[in-house]
Amino acid sequence: MPIYSKEIIKHFKNPQNVGIIKNPSGAGEAGNIYCGDIMTLYLKIGENKKGEKIIEDVKFETLGCVVAIANTSLLTTMVKGKKLEDVLKIKKDDLIKRLGQPLPPFKIHCSVLAVDALKEAIYDYYLKNKLEISEDLEKEHRRITKTKEELEKRYKGFQAFEKEILK
Amino acid sequence: MKKTITSKIYLDYAATTPVDSRVLKAMLPYFSEKFGNTMSWHSFGQEAKEALEESREAVANLLGAKPQEIIFTGSATESNNLALKGIALANRDRGRHIIISPIEHACVMESSKWLESQGFEITRLKVDKYGLVSSDDIRKAIKKETILVSIMHANNEIGTIEPIEEIGKICKEKGVYFHTDAAQSFGKILIDVNKMNIDLLTTSSHKMYGPKGAAALFIRKGTKIEPLIHGGGHESGLRSSTVNVAAIVGFAEAARICEREMKKEAQREIKLRDKLINGVLKKIEGSHLNGEPKKRLPNNINFSFPGIEGESLIMQLDFLGIAASTGSACSSEKLEPSHVLLAIGLKPEQAHGSLRLSLGRWTKEKDIDYVLEVLPKVVKRLREISPFKR
């Protein structure tokens, strides 16, 4: 059996919704403390006919491995047009299930990245618009921020290195 | 990018090599026809024994060693385990201190860690940004209790060739055993165990177009060493196990071919290697060569590309028919970046975007041209989806 399912390879080869949204309704960043992958996700939020908040558009960028890229691509296709409250219920296991084949155990953590960035983007939207933030989302936000801070410490050196060799 | 791939390009010869057809031909009679056990007294056994001793001679020749100084094992990992643990156990009354480099293969690193748990003291020296060990550091690290120095000949990830002749000289002066892991260099560059003052040396068959399951440890005559595997007393009592004659015959044939072709092949590979290195450094912005540019295995290339992740990179290359490897944490079950890349001072993020390309006997110039055409596009594409591009 190959390491990755057809579904993963399909999304990895041809990732959906890559890019940025200018002036997004919300943007979220997440990092993976284990391996150092990072992710930025942008949302454009609108309303459906009932006046409920929905995701009109979503885009992402990542410095990440095969699973990180494939998962985020899959997630973006799942959330477009969906209500925010429903989107917040998506867990990494829902993604893994859809990918069809069990991931190698050491790659499971890569699936968290997409879900975290999405949560952060919604958090950002709520915050900017002074909307009520649930206790659960607040807790998740604190966890993701902590991971990001640790990663930023590591990446500072990286950016200096990049500047130096790009000059 | 080319949509159809006519043939795949294998650029992971440092991981393993295909068996040369000449090697396979030499091995075939030893499965069903000349299948004897080397310990048997009858003609079947004697035929196998003869093949074994001829093989020993061929491997010894490529090292400048005597045949009786070659012990066949099942893998380079086993040879390295035997060298470290065997010397440690046999010489613990003399001292319990061992010196290694921080960029050794996992089997040396882990054997050392185990010896540490058994009361031995391990000094892990520093390396410079190219991965070079300083012979001065070795001189300073050797003390009265030191029994063994183990420094690899050439590194498997970054290709840097260590100054083992200098290290050998120091060890000889100080009366300390010197072991070198030559799994990557044996059959690719010249080794003379006498000129280099080497007491123990590890070789591997499947890195030089021989079969898997055969390897050797050179042990200089008079070296005090304990076996790890006890039994029927094969290999001068240092490695009991029924001898894998077919694999060893293949290993020896591979060594004979290397002896004849090594010099010319190294020149050919260096030309291809440098073409690829220079092309990539020129074409890909921010690319960086890991390892010593000159004191380097003829077939090794290792780059870092900031802003991308190595597993994604090798998967993309695989889709395009190029087989390569990476030191990225994402491709390791331990989720740690390569210890070699960290030891030469790379940040985890730089190791993240690393790529190793290792050339071999069947690498053609048109393969290099194809990589030069495709790799910049793949890196560009991954950078386009990376938030680091700004």
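Mentor: Let's begin with a term: a residue counts as exposed if 12 or fewer other C-beta atoms lie within 10 Å of its own. Keep in mind that this is a predicted model.

Trainee: Thanks! Is Ser236(B) buried or exposed, then?

Mentor: Ser236(B) has 12 other C-beta atoms within 10 Å, so it is exposed. Look for it in the loop between β8 (215-219) and α8 of chain B. Its backbone deserves a glance too: phi is positive, about 55 degrees, although Ser236(B) is not a glycine.

Trainee: Which loop holds Asn17(A)?

Mentor: Asn17(A) sits between α1 (6-13) and β1 (26-31) of chain A. Its phi is also positive, near 60 degrees, and this residue is other than glycine. With 18 other C-beta atoms within 10 Å, Asn17(A) is partly exposed.

Trainee: Now the interfaces. How should I describe the size of one?

Mentor: Often people quote the accessible area lost when the parts come together. Here we can count residues instead: 24 of chain B are in contact with 26 of chain A. On the chain B side, α9 (310-319) and α11 (348-352) each supply at least two residues. By class, that side has 11 nonpolar, seven polar and six charged residues.

Trainee: And within chain B, what are the domains?

Mentor: The assignment gives domain 1 (9-17 + 262-389) and domain 2 (21-257). Their centres, taken over C-alpha atoms, are 28 Å apart. In chain B, 24 residues of domain 1 are in contact with 25 of domain 2.

Trainee: Which element gives the most to the domain 1 side?

Mentor: That is α10(B), with three residues. This side of domain 1 of chain B divides into eight nonpolar, 11 polar and five charged residues.

Notes: Residues numbered from 1 in each chain as written. Chains lettered and ligands numbered in written order. Predicted model: local features only at pLDDT ≥ 70, side-chain atom pairs only at ≥ 80, totals over all residues. Contact = placed C-beta atoms within 7 Å. Helix = DSSP H or I, 4+ residues; strand = E, 2+ residues; numbered from the N terminus. Nonpolar A, V, L, I, M, F, W, Y, C, P; charged D, E, K, R; others polar. Domains from an automatic or database assignment. Buried ≥ 20, exposed ≤ 12 C-beta atoms within 10 Å, placed from the backbone.
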